[in-house]
Amino acid sequence: MNEALSYVHPNPTSAWGTYLSQVDRVTPYLGPLVRWVETLKRPKRALIVDVPIEMDDGTIAHFEGYRVQYNLARGPGKGGVRFHPDVTLEEVMALAAWMTIKTAAVNLPYGGAKGGIRVDPGQLSIKELERVTRRYTSEIGVIIGPLSDIPAPDVNTNAQIMAWIMDTYSVNAGGTATGVVTGKPIHLGGSLGRVKATGRGVFVTGREAARRVGLNLQGARVAVQGFGNVGSVSAQLFAEAGAIVVAVQDHTGTIHNDKGLDLPKLLAYVQASPQRGVAGFAQAERMDNEEFWSVACDILIPAALEGQISAARAQKIRARLVLEGANGPTVPAADDVFKDRGILVVPDVICNAGGVTVSYFEWVQDFSSFFWTEDEINQRLDRIMINALSQIWDKADQHKITLRTATYAVACERILAAREERGLYP
Ligand code: NAD
C-alpha cells in the first residue's frame with residue numbers, strides 16, 4: 001500500500017538513501033508506535049520555487065529553490081537554508097528529515113524543515129546575493145513564519161542573509177517579525193552564543209563521549225574536515241581544552257602539522273585568503289586530500305558536507321572517536337565498519353544539535369523580547385546537550401545498539417507519540 005515516493009531516486013550513499021536506511025535500522029525498536037513508521041519516510045510538504053533575479057550586468061538569471069517541512073507533529077518547522085550549486089530537492093528532504101530527528105533528540109518543541117537554493121554564492125556580487133535571498137524568501141513566504149517554520153543559517157548562509165530574510169518577510173507581513181528566522185545579527189533579535197553554538201555542542205558532546213570512553217583530551221590529536229563555522233569553532237574549543245589539531249581539510253585542500261596547528265593564525269589566514277580556505281597556510285605541510293582520512297588522530301570531526309565517509313574511508317580512519325559536526329557525513333556501510341572496528345561515532349543528530357538549541361533560545365528570547373547573557377545561554381546549552389546525550393547513551397546500553405540508532409530510537413519515539421496523540425485529520 002505504501003509505495004516509495006515517485007519524485008526521488010535514492011541510492012545507498014545519497015543523503016536521502018542514508019536517512020531511509022537509518023529509519024530502517026531504528027524500526028525494530030519502535031514498539032507499538034511502529035504502525036506510524038511510514039510517517040518518517042515521507043515529507044509532509046515540499047515546495048519548489050523559481051528564484052529569478054536581475055544580475056548586475058542586466059541579464060536575468062533563474063535559480064531553483066526549495067523549502068521542505070518534513071514533520072510538524074511536535075511543533076513548527078525548524079531548519080537552515082543552504083546556498084550551494086549541488087543542492088537538490090532530495091538532499092533538502094534528507095536534511096529536513098535529520099532536523100526532525102535532531103529537534104526531537106534534544107527535546108525542543110519543533111518539527112523539522114530545511115531549505116536551499118542551487119546557487120554558487122561565490123559567483124554572485126553582494127547585491128545579487130541579497131536579491132536571490134529576498135526573492136527566495138518572498139517565494140517561500142507562503143509557508144514560513146514564526147509559528148509555522150523558522151529558517152536559520154547553514155552552508156554558505158550567515159547572519160547577514162538571515163537579516164535579509166527577516167526584513168523581507170516582515171515587509172511582506174506588514175510588521176517586524178524577528179521570530180521568523182534565527183541566527184540573526186545581535187541587534188536584530190539575534191542571540192548571544194548562536195554563532196559558536198554548533199561547534200560548542202560538538203565539543204560538549206565530544207568531551208562527554210571522551211570521558212565515558214576514557215580518552216583524555218589533554219594532548220589528544222584532532223583532525224577536522226571543514227573549517228567553516230562548525231569546524232573552526234569546535235577545533236578551537238578542543239585546542240583550548242588541551243587537544244592538538246593536527247590536520248584540517250577544506251574545499252581548498254588539506255594541511256597537516258604533527259605538532260599542532262596554530263588555530264588563531266589559521267583562522268586569520270583563512271579569513272584573509274581570497275579563496276577563504278586553508279591551502280597555502282605557511283606553518284603546515286600540504287597533504288594529499290585522500291591521505292587526510294588516514295591521519296593518526298584520536299578524534300575526527302567531519303564538519304563539511306554529507307556523504308564524506310564511505311566504507312573504504314572508514315577502514316582507513318585511525319580515530320577512536322568520530323564527532324559528526326556535519327549533517328550526514330557517514331554512509332550506513334561506513335557505520336557498520338566503525339561498529340566492527342570499535343570506533344565510537346557521536347551522530348550528527350545529537351552532536352551538532354547545539355546550533356538548533358541556541359536557535360530555539362533565540363526564538364524564545366524574540367517572543368519575550370527579553371535577552372539572556374552569554375553565560376546563561378552556554379550553561380543552558382551545555383545542560384541540554386549533556387542530558388540528551390546521557391538519555392541516548394542509556395538507550396544504547398539498554399539495547400546494545402550504536403549511538404546513532406539509539407538517538408533515532410529516543411527521537412522517533414517522541415515524534416511518533418506526538419503523531420499518534422494528535423491523531424489523523426480527518
Ligand atoms: P560553512 O559554510 O561555514 O563551512 C563549510 C566548510 O566545509 C568550509 O570550510 C568549506 O571549505 C568546507 N568544504 C566544503 N566543501 C568541501 C569539500 N568538498 N571537502 C572538504 N571541505 C569542504 O558551513 P557550516 O555552517 O560550518 O556547516 C558545515 C556542516 O555542519 C554542514 O553539514 C551543515 O549542515 C552542518 N551544520 C551546521 C550548523 C550551523 O549552525 N552552521 C548546524 C548544524 C549542522
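**The ligand site and its surroundings**

Let me start with the ligand, where α5 (194–213), α6 (229–240) and β7 (244–250) each contribute at least two residues to the surrounding shell; helices here are DSSP runs of H or I with at least four residues, strands are runs of E with at least two, and both are numbered from the N terminus. This is a predicted model, in which local features need pLDDT of at least 70 and side-chain atom pairs count only at pLDDT 80 or more, while totals for chains, interfaces and linings use all residues. Residues are numbered from 1 along each chain as its sequence is written, and side-chain values use heavy atoms, with hydrogens and water left out.

There are 22 residues around the ligand, and those that come nearest are Asp154, Thr198, Phe227, His251 and Asn327, where a residue is near if one of its heavy atoms lies within 4 Å. By character, the shell divides into 7 nonpolar, 11 polar and 4 charged residues; Ala, Val, Leu, Ile, Met, Phe, Trp, Tyr, Cys and Pro count as nonpolar, Asp, Glu, Lys and Arg as charged, and the others, Gly among them, as polar.

Which domains give residues to this shell? Both domain 1 (3–177) and domain 2 (195–330) do, so the ligand lies between them; the bounds come from an automatic or database domain assignment.

Turning to individual atoms, a backbone N or O atom of Phe227 sits 2.8 Å from a ligand oxygen atom, and for a backbone N or O atom of Gly325 the distance to an oxygen atom of the ligand is 3.4 Å. In Asn327 it is an N or O atom of the side chain that lies 2.8 Å from an oxygen atom of the ligand. Taken alone, the ligand exposes 820 Å², of which the protein buries 83%, with areas from the Shrake-Rupley method and a 1.4 Å probe.

As for the protein as a whole, its secondary structure comes to 13 helices and 12 strands, and buried residues make up 59% of its 426 residues, buried meaning under 20% relative accessible area with a 1.4 Å probe, protein chains only.

Two buried helix residues make good examples. Ala163, in helix α4 (residues 159–173), counts as buried because its relative accessibility is 10%. Met99, in helix α2 (residues 89–105), counts as buried at 6% relative accessibility, and its C-alpha atom is separated by 8.4 Å from that of Tyr70, 29 residues apart along the chain.

Key:
A polar contact is a pair of N or O atoms within 3.5 Å; within protein, one must be able to donate a hydrogen and the other to accept it, and residues adjacent in sequence count only if both atoms are side-chain atoms. Buried means under 20% relative accessible area, exposed over 50%, partly exposed in between (1.4 Å probe, protein chains only).
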